[in-house]
Amino acid sequence: MQLNRDELLGAYRRMKTIRAFEERLHEEIKTGEIGGFTHLYAGQEAVAVGICDQLTADDKIVSTHRGHGHCIAKGCDVKGMMKEIYGRAGGLCKGRAGSMHIADLDVGMLGANGIVGGGAPQAVGAAIAARIDGKGRVGITFSGDGACNQGTTFEAMNLAVVTKVPAIFVFENNHYSEHTGDAYAVGTSNDIASRAEGFGMKAWRANGCDFFDTYAAFSELLEYVRAGNGPAAIELDTERYYGHFEGDPQRYRGKGELDRIRAERDCLKAFRARVTGAALLTEADLNAVDAEVLALIEEAVAEARADEQPDPATVADDVYVEYY
C-alpha cells in the first residue's frame, strides 16, 4: 500500500485537525461556555482517518458519543461542528445536537448518538438500503469495546449476516468501556473480533495507533464487502488520551499509564516518523500543516463564540416530519 504525497498530507491534516479540535475543546470546556457532556476522541485519530479516507460521501457511517473524530474524518465542516458544540444557530444541526448528536447527511454522516451500541442497527439499515440500490455503497458503525457487549450490536451483526448486506462493524478497542477495563468486561479474552466471527462474518484485526496498518487492513475489508461478500468486522487496538467524558478524573488508570501511551502509542508521532524516515514528506511539510490547522481551530472557536444563539421560537422546528 503506497499513498502519494497529496494523500499523505491529506491524511495527516485530518488527523492533526481532529487532535487540535479535541485539545482545544478540552480547554474551552473549562470556560463554562459549552453545555452538555463532551467525550473527546484524541488518541484514536488513525482509526477514523484510516477508514474514512477510503469512503465516499455516498457511504454511510454511524458514530458514537465519542464522535468528533468520525465527523471530521468523514468531511463535516469543522467550523460548523464547533458552532454546533457551542449550541449556536449556525451549527451543523442549528445548535440542536450539541457534541453527542452531530450529523451531516450530505457527507454520509448519519449521526453520533448517546446510546451505547445504538449505531449498529442504524448502520445495518443503511447497508440494507445500499444493497437494494446496488451502487456498491456500504453502511458502517463505529463502536467501542463497551458496545461489543450490547444486545443491539449482537442483533445487528446477526441480521447483517442473515441478509448478507454490505455492513461493516468497526470496533475501536480503547480498553476502557467507560471506566472499566476490557480485561474485566469483555469475556472473549479481550478479542472482540472473534465475536463477529462467531456470527459467521469475516473479521480483521489491526493496530489502531498506526494509520498505515489501519488503512491496509480496512482496504482489504472494504474490497471484500464491496465485492458482495456480505458484512465484515474489524477490531482496532487503540487508546484514548482523555477521560470517558470531560471531567472524568481517570482514577481507574494505572500510575504512569497515560504518560506511557502518549509516549509510545501516539498515531501522529508514528505517522511523522514513518513518512519523514522514508523521505515521503519533510518536517517542514508537516509543520506547515500544523500551523494551518491551528489557525483553522482558532477561527472556528472565534466564529462559534460570535455566532447567534438559536431563536427560541424555532424550538419545535425539525422535530416532526410533515407528510402533507
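This report describes the sheet, the helices packed on it and the nonpolar cores of a predicted model.

The strands form an open sheet of five members in the order β1-β2-β3-β5-β4, and their pairing is parallel. The edges are formed by β1 (60-62) and β4 (202-207), each of which pairs on one side only. Neighbouring strands of this sheet are turned against each other by 20° on average, with direction ignored. Within the sheet, strand β3 (residues 167-173) runs parallel to strand β5 (residues 232-237), and the two are joined by six bridges. Valine 170 stands opposite isoleucine 234, which belongs to β5.

Two helices that lie across strands of the sheet are set out below.

| Helix | Residues | Strands it lies across | Angle |
|---|---|---|---|
| α5 | residues 119-133 | β1, β2 (139-144) and β3 | about 165° to β2 |
| α9 | residues 211-226 | β2, β3, β4 and β5 | about 165° to β4 |

Turning to the interior, the largest nonpolar core holds 68 residues, and the residues with the most contacts inside it are Ile140 and Phe211. Helix α1 (residues 5-28) supplies the largest share of this core, with nine residues. A second core, separate from the largest one, has 18 residues, among them Val124, Ala160, Val186 and Ala193.

Which residues is phenylalanine 211 in contact with, once its neighbours within four places in sequence are left aside? Phenylalanine 211 then touches Leu3, Ala11, Met15, Ala46, Val49, Gly50, Asp53 and Phe271.

Technical notes:
Residues are numbered from 1 along each chain as its sequence is written. This is a predicted model: local features need pLDDT of at least 70, side-chain atom pairs count only at pLDDT 80 or more; totals for chains, interfaces and linings use all residues. Side-chain values use heavy atoms; hydrogens and water are left out. Two strands pair if DSSP finds at least two bridges between them. Helices (H or I, at least four residues) and strands (E, at least two) are DSSP runs, numbered from the N terminus. Axes are lines fitted to C-alpha atoms, for helices over the stretch in contact, and angles run from 0 to 180 degrees between N-to-C directions. Contact means heavy atoms within 4.5 Å. A nonpolar core is a set of buried Ala, Val, Leu, Ile, Met, Phe, Trp, Tyr and Cys residues joined through side-chain atoms within 4.5 Å. Buried means under 20% relative accessible area, exposed over 50%, partly exposed in between (1.4 Å probe, protein chains only).
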